[in-house]
Amino acid sequence: MDCVYQCPGLAIFGYNLKKDWLFLPIEYEVNEGEEVFLVDNNGNILGEGVIVKILRKSNKTNIARVQAMTISGDNLVAVRGFILKLDYPDPIEFKKAGEVASETYVCHCDDVKLNEILDVIGDRKFISVDEIKHTTRLGMGACRGKRCIPRLKQTIRSHGISVVGEPTPRGPLSNQIAMGDLYPKEVHENIHVSADGSKPLKEKVTALVAGGGIGGSALFFYLAEAGKAPVLLNYGRGASWRNIAGGRPNFSVPELSDIAVHNLEIFKELQKIKNIDFHPIHYVTFAHDEPMFKALEASMAWSDARMIEPKDFRIEISPHINPKLDTYIAALITKNCWQATPGKVIDLIRRIGIEKGGRILEDCMLANVRKEGSKYFILVQDHEKKYIEFETEIFINALGPEGDKFAKQLNIETGIYPVKHQAFITRRLPMLGREKIPLPMIIDRRRYKGFTAVYGQQLAETGQIIGCASPAVEPPETGSNLKVNSKDFIEIASEVFVNWIPELSSVGFQAVWAGYYVEPRMVIDPELGLFIGLRGQGYMLGQYLAKMYVDKLTGKEVPAYFGRLSMKGDGMPEKAFK
Ligand SMILES: Cc1cc2nc3c(=O)[nH]c(=O)nc-3n(C[C@H](O)[C@H](O)[C@H](O)COP(=O)(O)OP(=O)(O)OC[C@H]3O[C@@H](n4cnc5c(N)ncnc54)[C@H](O)[C@@H]3O)c2cc1C
């Protein structure tokens with residue numbers, strides 16, 4: 001009988017047909033002498049019996065010797081088990097249940113509901129994976145879109161909507177990379193608009209904005225508000241979709257502080273219209289030496305801020321701050337800062353722009369721009385790979401890192417260039433700030449191990465810590481590949497954050513990525529149609545800059561400092577608190 005109790009699947013049975021005995025494996029407690037029904041694999045009763053003996057075994061699969069009472073001989077071999085007579089269930093009665101209202105969840109990592117996604121999509125017939133990610137967080141959880149994006153594609157097909165693109169599921173430090181990414185070749189494109197020589201479609205519009213990041217989307221919004229029925233063209237996702245969602249008014253250039261303060265008001269107004277995850281926060285900038293202390297102290301003249309001493313770090317910043325932290329001599333806490341989800345902000349201002357008469361061409365790529373007299377001719381490849389040539393008197397280049405390439409087509413040398421900045425996000429954490437609020441944006445501005453700043457905050461919506469580091473030497477990071485995250489970045493982020501809050505040492509990176517800061521200066525010039533170079537401050541400044549741009553374009557008054565942002569101006573460079 002050894003094989004009966006040794007089979008891990010309880011699938012071997014013993015029979016003594018002469019004595020009408022059955023030897024059946026059993027892994028729960030029954031008593032000798034109990035009456036049983038002998039059953040087949042489906043629980044159907046084949047006969048009755050009594051448990052005569054339990055043979056106890058060391059592996060906890062015991063053998064019950066059962067004496068059959070009502071069946072015998074060859075009929076016994078159909079028996080596969082027994083059920084105590086007392087426990088034999090009544091027949092199941094199926095009743096029709098009433099309607100149960102329930103939500104369909106597409107994402108099981110971040111609990112994203114189908115209705116939320118449909119709400120974002122609105123009456124669009126297609127949407128890109130990136131937009132879905134940045135507006136609903138679908139695909140941003142632990143599975144990185146491996147499961148939910150295919151599920152979404154299938155689910156919303158029945159709503160007549162298609163999802164463009166694929167998720168880029170990647171864990172820390174492992175990105176898919178093509179050989180050409182590591183060994184780039186300058187390959188110049190020849191644009192053939194059709195195989196048969198036919199001409200592209202032509203359309204005249206009042207205003208066209210190229211690039212739908214925070215800059216282009218805000219221009220779209222204000223142009224629509226000014227009755228210019230703008231067309232917004234966007235292809236791909238730039239820094240606006242990759243930034244770490246923070247805004248602050250403390251700059252060493254007071255005019256930039258003024259722009260930030262106006263921008264804060266715009267964010268507050270947007271939150272009243274629709275949830276953009278707006279939350280007021282503090283920025284905490286550590287002073288690691290005397291010059292930084294002085295620069296921070298000077299900024300107090302134009303921002304609502306106060307300096308604290310190291311002994312107060314645990315009270316004022318977070319009770320989790322390392323009590324042995326001795327890297328800094330003070331910290332400046334700045335009020336009137338904020339966070340908001342970038343994707344939601346962009347989506348909202350675009351929606352309002354549409355309501356006010358604008359039109360968005362998403363997944364449509366600017367291919368070429370030329371100017372004849374006062375008219376721009378803009379060649380665009382649309383979502384279906386067809387070409388359209390737009391004619392307009394108002395063209396605005398808000399193409400972020402691609403801005404210089406298209407400015408050159410109009411013989412404008414902007415001198416801007418993209419610099420790679422890397423970022424990370426952790427898993428969800430409890431709120432780590434004082435009184436259990438989210439950790440503020442904490443900034444270390446030391447020049448240290450190849451970086452000039454390491455900073456990050458906790459997102460109030462999810463509890464995740466999102467952080468970033470700025471490279472100390474820009475040239476090697478200029479135009480550098482965004483698909484690769486460096487070991488140096490992971491190391492410095494870990495070192496600085498764990499030094500601040502030792503408990504973080506057990507927290508993993510949920511994702512790492514990179515985006516471009518467009519340096520070295522802002523070029524916001526209505527005469528030249530340029531809205532580029534937003535550096536590391538575009539999210540917190542972009543909307544008010546766009547408002548001033550459209551005001552200037554439509555003959556309204558703008559602050560005197562606005563002229564400094566034109567190509568002829570100095571660009572209002574922020575040096576101390578970049
Ligand atoms: C990691 C990181 C963290 C950051 N954190 C912050 C922060 O906390 N606060 C803050 O204020 N700023 C932050 N920034 C900076 C901020 O994100 C940028 O300054 C801002 O997003 C720039 O906006 P933009 O509209 O000028 O450019 P982009 O967002 O780059 O927009 C340009 C758009 O043009 C599109 N495009 C490009 N080529 C074409 C083409 N040929 N046809 C059609 N469309 C095209 C792009 O896909 C993109 O959507 C951060 C940046 C990074 C990279």
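# Reading a predicted fold, feature by feature

Biologist: Where is lysine 60 found?

Modeller: Lysine 60 is found in the loop between strand E4 (45-55) and strand E5 (62-68). Strands (E, at least two residues) and helices (H or I, at least four) are DSSP runs, numbered from the N terminus. Residue numbers start at 1 along each chain as its sequence is written. The model is predicted, so local features need pLDDT of at least 70 and side-chain atom pairs need 80 or more, while totals for chains, interfaces and linings use all residues.

Biologist: What is the phi of lysine 60?

Modeller: Phi of lysine 60 is near 70 degrees. The value is positive, and the residue is not glycine.

Biologist: How do E4 and E5 pair, parallel or antiparallel?

Modeller: Pairing takes at least two DSSP bridges between two strands. E4 and E5 pair in the antiparallel sense, over six bridges. Take one residue of E4: isoleucine 51 has valine 66 of E5 as its bridge partner.

Biologist: Which sheet do they belong to, and in what order do its strands run?

Modeller: Six strands form an open sheet, ordered E1-E2-E5-E4-E3-E6. The pairing is antiparallel. At the edges are strand E1 (14-16) and strand E6 (81-84), each paired on one side only. From one strand to the next, the twist averages 40 degrees. Such angles run from 0 to 180 degrees between N-to-C directions, and axes are lines fitted to C-alpha atoms, for helices over the stretch in contact.

Biologist: What is the order in the four-strand sheet?

Modeller: The order is E11-E21-E20-E19, again an open sheet, and the pairing is mixed. Strand E11 (201-204) and E19 each have a single partner strand, so one side of each is left without a neighbour in the sheet. Here the twist averages 20 degrees from one strand to the next. E11 and strand E21 (residues 387-392) run parallel, joined by four bridges. Lysine 202 has its bridge partner, glutamate 389, in E21.

Biologist: Now the helices. At what angle do H2 and H3 pack?

Modeller: Helix H2 (residues 114-121) and helix H3 (residues 129-136) pack at about 115 degrees. Their axes are 10 Å apart. Contact puts two C-beta atoms, placed from the backbone, within 7 Å. H2 contributes Glu116, Ile117 and Val120; H3 contributes Ile132, Thr135 and Thr136.

Biologist: And at what angle do H6 and H13 pack?

Modeller: H6 and H13 pack at about 35 degrees, with axes 8 Å apart. Among the H6 residues in this contact are Ile214, Ala218 and Leu223. On H13, the contact includes Gly538, Tyr539, Ala546 and Val550. By class, the H6-H13 contact has nine nonpolar, four polar and one charged residues. Ala, Val, Leu, Ile, Met, Phe, Trp, Tyr, Cys and Pro count as nonpolar, Asp, Glu, Lys and Arg as charged, the others, Gly among them, as polar.

Biologist: How many residues surround the ligand?

Modeller: A residue is counted if its C-beta atom, placed from the backbone, lies within 6 Å. 42 residues surround the ligand. The closest are Gly213, Gly238, Gly400, Gly515 and Gly538. By class, the shell has 19 nonpolar, 19 polar and four charged residues.

Biologist: Which element gives the most to that shell?

Modeller: H13 does, with four residues. The elements that each supply at least two shell residues include helix H6 (214-225), strand E23 (417-426), strand E27 (509-519) and helix H13 (538-553). So H6 and H13 both pack together and line the ligand.

Biologist: Which domains does the shell draw on?

Modeller: The bounds come from an automatic or database assignment. The protein is divided into domain 1 (2-87), domain 2 (105-169), domain 3 (201-241 + 344-416 + 521-565) and domain 4 (282-338 + 417-518). The shell draws at least three residues from each of domain 3 and domain 4. Their C-alpha centres lie 32 Å apart. Eleven residues of domain 3 are in contact with seven of domain 4. The domain 3 side divides into five nonpolar, five polar and one charged.

Biologist: Which peptide bond is cis?

Modeller: The bond from glutamate 519 to proline 520 is cis, with omega near 0 degrees. Proline 520 has its place in the loop between E27 and strand E28 (523-525).
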